[in-house]
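Trainee: I should like to learn how pockets and a buried side chain are read from a structure. Could we work through one example together?

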Amino acid sequence: MSKIIAISATADNARVRLSLNYVRSLEGAGLIPLVVPPLTNPAQAAEILDAAGGLLLTGGEDVDPKLYGAPAHPKLGAINPIRDATELALFNVARERQLPVLAICRGIQLLNVACGGTLYQDLPSERPSNVRHDQPNDRSARTHDVTITAGSRLAAATGAVAMAVNSYHHQAVARLGAGLRVTATATDGVIEGIESTDPDWWMLSVQWHPEDLTTDVRSWDRGIFRAFADEIAASRARFASS
């Protein structure tokens with residue numbers, strides 16, 4: 001097993017795009033980032049993950065509602081079907097191999113769809129509340145609270161059962177996919193964290209953006225990346241002894 005982490009990215013017709021904070025957060029946890037853009041041949045996902053010890057699914061565009069059998073909502077944002085196909089292929093290979101997976105924002109939505117779940121396509125119109133899930137400016141501002149399930153991987157990683165988070169999304173998990181459990185919710189009940197029910201597969205996902213909070217004086221979000229790195233190290237040790 002490798003310390004290399006495959007990180008999904010987006011792209012337009014000319015450039016691959018990824019927030020540098022994902023890279024810096026992995027490096028800060030002692031991991032080696034490998035950026036994976038949307039692929040014209042998603043079947044290459046297996047070869048990419050041959051070189052990786054884990055997968056990080058990142059934020060970005062809306063997930064195509066065709067993937068969960070829903071018509072497009074009038075407030076649906078930009079989609080990227082090539083990225084969807086690439087990330088689904090990466091996730092399915094990682095799940096089959098039980099590689100550690102960390103998923104952030106769009107990532108929690110994508111993996112829920114991969115497991116047969118559905119999404120709210122636009123929270124303000126489909127599930128309105130007084131919680132601001134799409135903050136307008138400072139990405140490092142903690143704008144609402146979440147409650148974390150005691151005993152979950154997320155609670156172990158953050159060392160907390162309640163914390164404040166940043167928030168910039170208009171979609172969210174609706175019906176939970178198979179083999180998943182909720183580990184965090186906002187005060188309005190919107191799902192903010194899910195993980196695998198399989199005790200042998202480390203898969204942790206959050207709706208907020210911990211990569212933008214790892215320089216905060218509080219260690220909650222650094223803990224998520226540290227737990228990811230610890231699981232990579234444990235997987236490497238198990239592989240070496242097998």
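Mentor: The discussion below takes the pockets and then one residue of this predicted model.

Trainee: How is empty space in a protein found, and what volume does the largest pocket have?

Mentor: Rolling a probe the size of a water molecule over the atoms shows where empty space is left. Here, the largest pocket has a volume of about 210 Å³.

Trainee: Which residues lie nearest the centre of the largest pocket?

Mentor: Of its 16 lining residues, S19, Y22, G59, G60 and R139 lie nearest the centre. Sorted by class, that lining comprises five nonpolar, six polar and five charged residues.

Trainee: What lines the second largest pocket?

Mentor: This pocket, with a volume of about 170 Å³, is lined by 13 residues, and R24, S25, G28, T214 and R222 lie nearest its centre. Two elements, α1 (20-28) and α7 (220-241), each give two or more residues to that lining. The most comes from α1, with four residues. By class, the second largest pocket is lined by three nonpolar, five polar and five charged residues.

Trainee: Turning to a single residue, is E195 buried or exposed?

Mentor: A residue counts as buried when its relative accessible area is under 20%. E195 has a value of 1%, so it is buried. This residue belongs to strand β12 (residues 191-196).

Trainee: What lies around the side chain of E195?

Mentor: A polar atom of the E195 side chain lies 3.0 Å from the backbone nitrogen of R153. Leaving aside residues up to four places away in sequence, E195 touches several others, including S152, R153, L154, R181 and M203.

Note on methods
Residues are numbered from 1 along each chain as its sequence is written. This is a predicted model: local features need pLDDT of at least 70, side-chain atom pairs count only at pLDDT 80 or more; totals for chains, interfaces and linings use all residues. Side-chain values use heavy atoms; hydrogens and water are left out. On a 1 Å grid over the protein atoms alone, a cavity is a set of points where a 1.4 Å probe fits but cannot get out, and a pocket is an open set with protein on both sides within 12 Å along at least five of seven lines; lining residues have an atom within 4 Å of a point. Grid points are joined across faces, edges and corners, and a volume is the space filled by probe spheres set on the points. Ala, Val, Leu, Ile, Met, Phe, Trp, Tyr, Cys and Pro count as nonpolar, Asp, Glu, Lys and Arg as charged, and the others, Gly among them, as polar. Buried means under 20% relative accessible area, exposed over 50%, partly exposed in between (1.4 Å probe, protein chains only). A polar contact is a pair of N or O atoms within 3.5 Å; within protein, one must be able to donate a hydrogen and the other to accept it, and residues adjacent in sequence count only if both atoms are side-chain atoms. Contact means heavy atoms within 4.5 Å.
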